[in-house]
Amino acid sequence: MSLIPYRKQSTWLDSFAEMENIQKQMNQLFDFSLSRNLFGDNTLLGGEWAPAVDIYDSKDNILIKADLPGLTKDEVEVTIQNNNLILKGEKKKEKEIKEENYYRAERFYGSFYRTIPLSTAVETDKVDASYKDGVLTLKIPKKEEAKPKQITIDVK
Amino acid sequence: MLDNLIKNKKDEIVTVPPSINIYSENENIVLAVEIPGVDKDTLDVHIDGDNLHIGARKKRDEIGKEYCERHKERKFVEYKREFELNPEIDRETIKANYEHGILKVTLQKKEAALPKKIAIKYD
């Protein structure tokens, strides 16, 4: 028989408290693993990264937001081809820092490529792109013929 | 547990440890923290005893009412990370700068901890 400190488990309430505790810990575990690496882990084999993207849609525009921290303007390339929006670029290491000066390197570096299919025809030359605080915002106007048209009904 | 996973997480703020690079640069220790699109008012860098705290919260996107959400990957999160400081690091001089979604925290070593160059006399 092993020596385990005796814990009074008098009421059924105790086991519920224990369950709640386990639930809390499990939730934390899920929060951590789900939120940290959306695109697989950054190990040698699965070393893939793509920016997290939000897509919004209105009558006139498509709005896209992408998290691209630490990139300068010329490191990101945005193109529209065959109704697909392509986000392409390379996250480069800061050149002035020598490898031996690193204590810890968790940030991803390397090239990325992401294609986002656009649901409607868009005005490719009227795209408004801005970059602020590591977030790229694209406002893409829809083509006139792709916009929804209201049909008036004549009531006779 | 499953209930909580499925439940709408929009109102709940998830805390995430941000990716970080630490390197030395001109006798300083620099921490480069990847936190894109945060609300600058929530940026919090402070030293508490031997610990360096870094915290920030994402900015809520101001999307016009005419827009409808189609796809969502960027989460509204709180970034939080803590580091224990080496006794050699000066607690008083700490600099922070946020640019292009990267927070750079510069820490200095204490005067006594800096390497001293010794002049060698040649005959």
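Two strands pair if DSSP finds at least two bridges between them, and the exercises below apply that rule to a predicted model.

**Exercise 1. Work out how the sheet that contains β3, β4 and β6 of chain A is put together.**

Step 1. Begin with the pair β4 and β6 of chain A: strand β4, which covers residues 84–91, is joined to β6(A) by eight bridges, and the two strands run antiparallel. Two positions help to place this pairing in the structure, since A:G89 has A:F112 of β6(A) as its bridge partner, while A:I86 stands opposite A:T115 in β6(A).

Step 2. Turn next to β3(A), which is joined to β4(A) by six bridges, again in an antiparallel arrangement. Here A:T79 has A:I86 of β4(A) as its bridge partner. In the hairpin that these two strands make, two residues lie between the strands, and A:N82 takes a positive phi near 45°.

Step 3. Put the pairs together: the three strands form an open sheet in the order β3-β4-β6 of chain A, with antiparallel pairing. Its edge strands are β3 (76–81) and β6 (110–117) of chain A, each of which pairs on one side only. From one strand to the next, the twist averages 15°.

**Exercise 2. Trace the sheet of five strands and find its edges.**

Step 1. Start with β7(A) and strand β8 of chain A, residues 135–141, which pair in the antiparallel sense over five bridges. Within this pair, A:K132 stands opposite A:V135 in β8(A).

Step 2. Follow the strands across the open sheet, whose order is β7(A)-β8(A)-β2(A)-β1(A)-β6(B) and whose pairing is antiparallel. The edge strands are β7 (128–132) of chain A and β6 (68–72) of chain B, each pairing on one side only. The twist averages 15° from one strand to the next in this sheet.

**Exercise 3. Describe the side of chain A that touches chain B, and locate a pairing of strands between the chains.**

Step 1. Consider how many residues take part: the contact takes 34 residues from chain A and 32 residues from chain B.

Step 2. Assign the residues of chain A to elements: those that give two or more residues to this side are α1 (12–36), β1 (53–57), β2 (61–67) and β5 (102–105) of chain A. Among these, α1(A) gives the most, with seven residues.

Step 3. Sort the side of chain A that touches chain B by class, which yields 16 nonpolar, seven polar and eleven charged residues.

Step 4. Look for bridges between the chains at β5(A), which is joined by three of them to strand β2 of chain B, residues 20–25, with the two strands running antiparallel. In this pairing A:R104 stands opposite B:I22 in β2(B).

**Exercise 4. Characterise chain B from its elements, its dimensions and its contacts.**

Step 1. List the elements: the secondary structure of chain B comes to one helix and nine strands, and from the N terminus on the helix is followed by the strands, in the pattern α-β-β-β-β-β-β-β-β-β.

Step 2. Compare the chain with a globule: a compact globule of 123 residues would have a radius of gyration near 14 Å, whereas chain B has 20 Å. Along the principal axes, the C-alpha atoms of chain B fill a box of roughly 80 × 35 × 20 Å.

Step 3. Examine burial and contacts: buried residues make up 18% of the 123 residues in chain B. Of the contacts in chain B with a separation of 6 or more, 54% are accounted for by residues 24 or more positions apart.

Technical notes: Residues numbered from 1 in each chain as written. Chains lettered and ligands numbered in written order. Predicted model: local features only at pLDDT ≥ 70, side-chain atom pairs only at ≥ 80, totals over all residues. Helix = DSSP H or I, 4+ residues; strand = E, 2+ residues; numbered from the N terminus. Axes fitted to C-alpha atoms, helices over the stretch in contact; angles between N-to-C directions. Contact = placed C-beta atoms within 7 Å. Nonpolar A, V, L, I, M, F, W, Y, C, P; charged D, E, K, R; others polar. Rg over C-alpha atoms; globule rule 2.2 N^0.38 Å. Buried ≥ 20, exposed ≤ 12 C-beta atoms within 10 Å, placed from the backbone.
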